[in-house]
Amino acid sequence: MSSSSASRRAVVCAAASLALTPVLAPAAEAAALHKVAILGDSITAGWGLPPPDALPARLQGELARLGAAAKVVPSGVIGDTTAGGLARVDSAAPHGTDLCIVALGGNDLLQGADPTAVKANLDKIVHRLKGRGVTVVLAGLKLPAALDGPYATAFDAAFTSVARADGVLYVPNMLEGVMLNPALNQSDGVHPNAAGVELIARRLAPVVARGLSAR
């Protein structure tokens with residue numbers, strides 16, 4: 001083989017290698033990402049917000065800032081309850097999910113659901129996920145002090161007791177500082193705006209990162 005032919009062959013091989021690199025790198029990078037699902041309602045679905053401002057995107061950004069490589073998959077359904085979450089838990093956190101954030105209960109509260117039923121649903125969701133080897137982060141919900149009473153106490157306790165009994169990572173009040181705060185909610189007074197979502201993401205991210213690092 002002449003030196004010129006060898007040179008041409010080397011150039012062709014180098015070009016082929018460079019051409020393949022952009023194709024292979026994203027696939028390898030995606031395979032290395034932890035898969036995180038959020039089993040939730042309209043708040044986790046990002047109601048009223050563009051996708052970049054919704055919780056899945058904001059949480060993924062916060063995890064990246066903490067050095068946790070993760071892809072956050074939105075699995076929120078508008079109007080969903082703990083019963084609805086139980087019915088769709090397997091599809092919301094499909095095979096390959098490493099961690100699932102269970103963020104339900106707001107619609108149960110609005111409907112005046114029995115706290116005993118809420119607790120039972122949450123417990124079954126957690127057991128289902130843990131049985132599949134999925135790490136669980138339970139996001140609690142506490143009523144404002146102004147609404148304190150027997151029902152509020154029982155509702156709050158449903159989350160705490162499940163977290164304690166099942167030994168899962170727990171965020172006691174996902175909406176702390178956001179619920180009923182006009183500056184952090186949209187005009188309906190219920191759904192967080194972009195600033196409110198950012199606060200929620202910053203509260204969840206360290207706990208999620210801890211759960212991923214423990215896998």
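This is the transcript of a short talk on the fold, the core and the salt bridges of one protein chain.

Good morning. Before I begin, please keep in mind that the model on the screen is predicted.

Let me start with the overall fold. The protein chain has nine helices and five strands. If we read along the sequence, they follow one another in the pattern α-β-α-α-β-α-α-β-α-α-β-α-β-α. The protein chain contains 215 residues, and 42% of them are buried. Its accessible surface is about 10700 Å², and carbon and sulfur atoms account for 62% of that area. Consider also the contacts in the chain with a separation of 6 or more: 77% of them join residues 24 or more positions apart.

I turn now to the interior. The largest nonpolar core has 55 residues, and the members that touch the most others are L59, L63, I101 and L129. Helix 9, residues 194-213, supplies the largest share of this core, with nine residues. What does L59 touch, leaving aside its neighbours within four places in sequence? Its contacts are I38, V72, I101, A201, L204 and A205. Three of these names, A201, L204 and A205, will return in a moment, as buried residues of helix 9.

Helix 9 deserves a closer look. It has 20 residues and reaches 28 Å from its first C-alpha to its last, close to the 28 Å expected at 1.5 Å a residue. There is nevertheless a bend of about 30° at A205, and a proline, P206, follows within four residues. The buried residues of helix 9 include G196, V197, E198 and I200, as well as A201, L204 and A205. Against which elements do the buried residues of this helix pack? They pack against helix 3 and against strand 1 (34-40), strand 2 (70-76), strand 3 (99-103), strand 4 (135-139) and strand 5 (169-171).

My last topic is charge. Side chains of opposite charge can pair when their charged atoms come close. The structure holds nine salt bridges, and I shall describe three of them.

The first joins the side chains of R65 and E62, at 2.8 Å from N to O. Both residues lie in helix 3 (residues 55-65), three residues apart, which is about one turn of the helix. Are these two partners buried or exposed? R65 is exposed, with a relative accessible area of 58%, whereas E62 is buried, at 6%.

The second salt bridge joins the side chains of E62 and R202, at 3.8 Å from N to O. This pair links distant parts of the chain, since E62 is in helix 3 and R202 is in helix 9, 140 residues apart. These residues belong to a network of salt bridges that links D53, R58, E62, R65, E198 and R202.

The third salt bridge is formed by R88 and D80, whose closest N and O atoms are 2.6 Å apart. Here R88 counts as buried because its relative accessibility is 16%, under the 20% cut-off. D80, at 8%, counts as buried as well.

To close, I would ask you to return to helix 9 on the screen: it gives the core its largest share of residues, and through R202 it is linked to E62 in helix 3. Thank you.

Key:
Residues numbered from 1 in each chain as written. Predicted model: local features only at pLDDT ≥ 70, side-chain atom pairs only at ≥ 80, totals over all residues. Heavy atoms only, no water. Core = buried A, V, L, I, M, F, W, Y, C linked by side-chain atoms within 4.5 Å. Buried < 20%, exposed > 50% of the residue type's maximum accessible area, 1.4 Å probe, protein only. Helix = DSSP H or I, 4+ residues; strand = E, 2+ residues; numbered from the N terminus. Contact = heavy atoms within 4.5 Å. Areas by Shrake-Rupley, 256 points an atom, 1.4 Å probe, with all protein chains shown as cover. Salt bridge = Lys/Arg side-chain N within 4 Å of Asp/Glu carboxyl O. Expected span 1.5 Å × (residues − 1). Bend = angle between axes of the 7 residues up to and from the residue.
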